[in-house]
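Good morning, colleagues. Please take a moment with the sequence and the structure, and then I shall go through selected residues and elements in turn.

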Amino acid sequence: MSTDRVAAARPSLRERRRAVAIQEIVSAAESHIVEHGPHALSLRAVARSLGMTVQALYHYFPSRGDLVTALITKAYDDLTDAVRGATGTAGDDPDLPGLVIAAEGYRRWALDHPERFQLLYGTPLPHYEAPVDGPTTEAIRRMSAVFERELFGGYTPSQLAAADTRSLSPAFLGHLEHISPPDGEALPPPATALLLSAWGYLHGMVSLEVFGHTGFLGVHQAELFRMAMRNLHEDVHRRIPAAVA
C-alpha cells in the first residue's frame, strides 16, 4: 500500500482528538454514575468534572440520551468481554459446563460494577428510550451470542428445533420466529424460548444478589449460584433430543 493510501486510511488528527474527547467524556460519566447512581446522571456535572462547558459537551453528545446510549453500549460490551474472558480461561473445575463458566463471568462483572449493572437492568431512566435497532441492541446481541454458543454448541438445527417446549403455545412459538436477529443464522423457535428462559433465570439470580436480597447467605452465594447454573444447564439439555431421525 502506498504512503498516500496509508495516510488516507488513517484517521485525521481532528478525528483522533475527537475520539479521545469522547472516551474522556464517557469515562467521566461512568465515574459520575458510580458515585451518584444512574438516575443522577447530569451533563452539567460531567462537563464540570472535565473543565468544559455543557455547550462544548454538546459538540460530542448532542443530548443526554446520546450519552446514555453510549454508556449503555459500553457497559454491555464490557459485560460481554467479561463473559468471553471467563469462557476462555481454565476454571477450578475442568468438568464445569461452558454455560456455568459464562454465567459466573456475568455474575462477577455485575458484582464488581453494581452501578453500571443498574444502568443496564435497574429502573429505566426517565425520558430515555434506546434507539430502535441501534448500538445498544447490537451490544445485547453480541452478549446473547456468547450464551447461545455455550448453551447450544454441538447441537444441530434439527435437534434444537425438536427441543421439548410442549408447554408453549403455537402462537408464542410463531411469535419467536419474528424476533430473530436480522443477520446471522436464527435459532429455531424452541431453542430461542429455552435461551430466553435460561437467561431470565440466570439474570434473576444475579439481580437478587446485586441488589442485596440474598445477603443472608453470606459467602455461600457463589456456591448456590453454581449449583443453580448446573441444574439449569442440565434441564435445558434434557429437553434437546440426542438425535433426530
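Ala21 counts as buried in this predicted model, because its relative accessibility is 16% and the cut-off for a buried residue is under 20%. Its place in the fold is helix H2. Ala21 and Leu50 are 29 residues apart along the chain, and their C-alpha atoms are separated by 9.8 Å.

Let me set that residue in the context of the whole chain. How many helices and how many strands are there in the chain? There are twelve helices and zero strands, so that the order of elements from the N terminus reads α-α-α-α-α-α-α-α-α-α-α-α, as the definition of these elements numbers them from that end. The C-alpha trace spans about 65 × 55 × 40 Å along its principal axes. Of the 245 residues in the chain, 37% are buried. Among contacts with a separation of 6 or more, 73% are between residues 24 or more positions apart.

As to the surface, the accessible area of the chain is about 14200 Å², and carbon and sulfur atoms account for 55% of that. The side chains include 22 positive and 28 negative ones, and the centres of these two sets lie 7 Å apart.

I turn now to helix H7, which covers residues 114–121. Which residues are buried in H7? They are Arg116, Phe117, Leu119, Leu120 and Tyr121. The cover over the buried residues of H7 includes helix H2, at residues 13–36, and helix H6, at residues 98–112. It also includes H5, H8 and H11.

His203, in helix H11, belongs in the same discussion. Two of the buried residues of H7, Phe117 and Tyr121, are touched by His203, as is Tyr106, when residues up to four places away in sequence are not counted. Is His203 buried or exposed? His203 is buried, because its relative accessible area is 13%, which falls under the 20% cut-off. Between the C-alpha atoms of His203 and Glu177 there is a separation of 23 Å, with their positions 26 residues apart along the chain.

Helix H5, one of the elements that cover H7, runs over residues 64–87 and contains Thr80. With a relative accessible area of 2%, Thr80 is buried. Which residues is Thr80 in contact with, leaving aside its neighbours within four places in sequence? The contacts of Thr80 are Ala139, Arg142, Met143 and Val146.

Next, the loop between helix H7 and helix H8, the latter at residues 135–152. Two residues here deserve a remark on their backbone. Most residues other than glycine have a negative phi. His127, which sits in this loop, has a phi near 65 degrees, a positive value in a residue other than glycine. Asp133 lies in the loop between H7 and H8 as well, and its phi, near 55 degrees, is likewise positive in a residue other than glycine. His127 counts as exposed because its relative accessibility is 85%, where the cut-off is over 50%. Asp133, at 53% relative accessibility, also counts as exposed.

I come to the cavities. The structure holds two cavities of 30 Å³ or more, and the largest has about 60 Å³ of space. Its lining consists of Met205, Glu209, Thr214, Leu217, Gln221, Leu224 and Phe225. Helix H11, residues 189–210, and helix H12, residues 221–238, are the elements that give two or more residues to this lining. Which element provides the largest share of the lining of the largest cavity? That element is H12, with three residues.

My final residue is Asp235, which is also in helix H12. Asp235 is partly exposed, because its relative accessible area is 28%, and partly exposed residues fall between the 20% and 50% cut-offs. The C-alpha atoms of Asp235 and Ile22 are separated by 45 Å, and these two residues are 213 residues apart along the chain.

To recapitulate, the H7 helix carries buried residues under cover that includes H2, H5, H6, H8 and H11. The loop that follows between H7 and H8 holds His127 and Asp133. The largest cavity draws two or more lining residues from each of H11 and H12. Thank you for your attention.

Technical notes: Residues numbered from 1 in each chain as written. Predicted model: local features only at pLDDT ≥ 70, side-chain atom pairs only at ≥ 80, totals over all residues. Heavy atoms only, no water. Helix = DSSP H or I, 4+ residues; strand = E, 2+ residues; numbered from the N terminus. Buried < 20%, exposed > 50% of the residue type's maximum accessible area, 1.4 Å probe, protein only. Contact = heavy atoms within 4.5 Å. Areas by Shrake-Rupley, 256 points an atom, 1.4 Å probe, with all protein chains shown as cover. Lys, Arg positive; Asp, Glu negative; His and termini not counted. Charge placed at Lys NZ, Arg CZ, Asp CG, Glu CD. 1 Å grid on protein atoms, 1.4 Å probe; cavity = no way out; pocket = protein on both sides within 12 Å on 5 of 7 lines; lining within 4 Å. Points joined across faces, edges and corners; volume = space filled by probe spheres on them.
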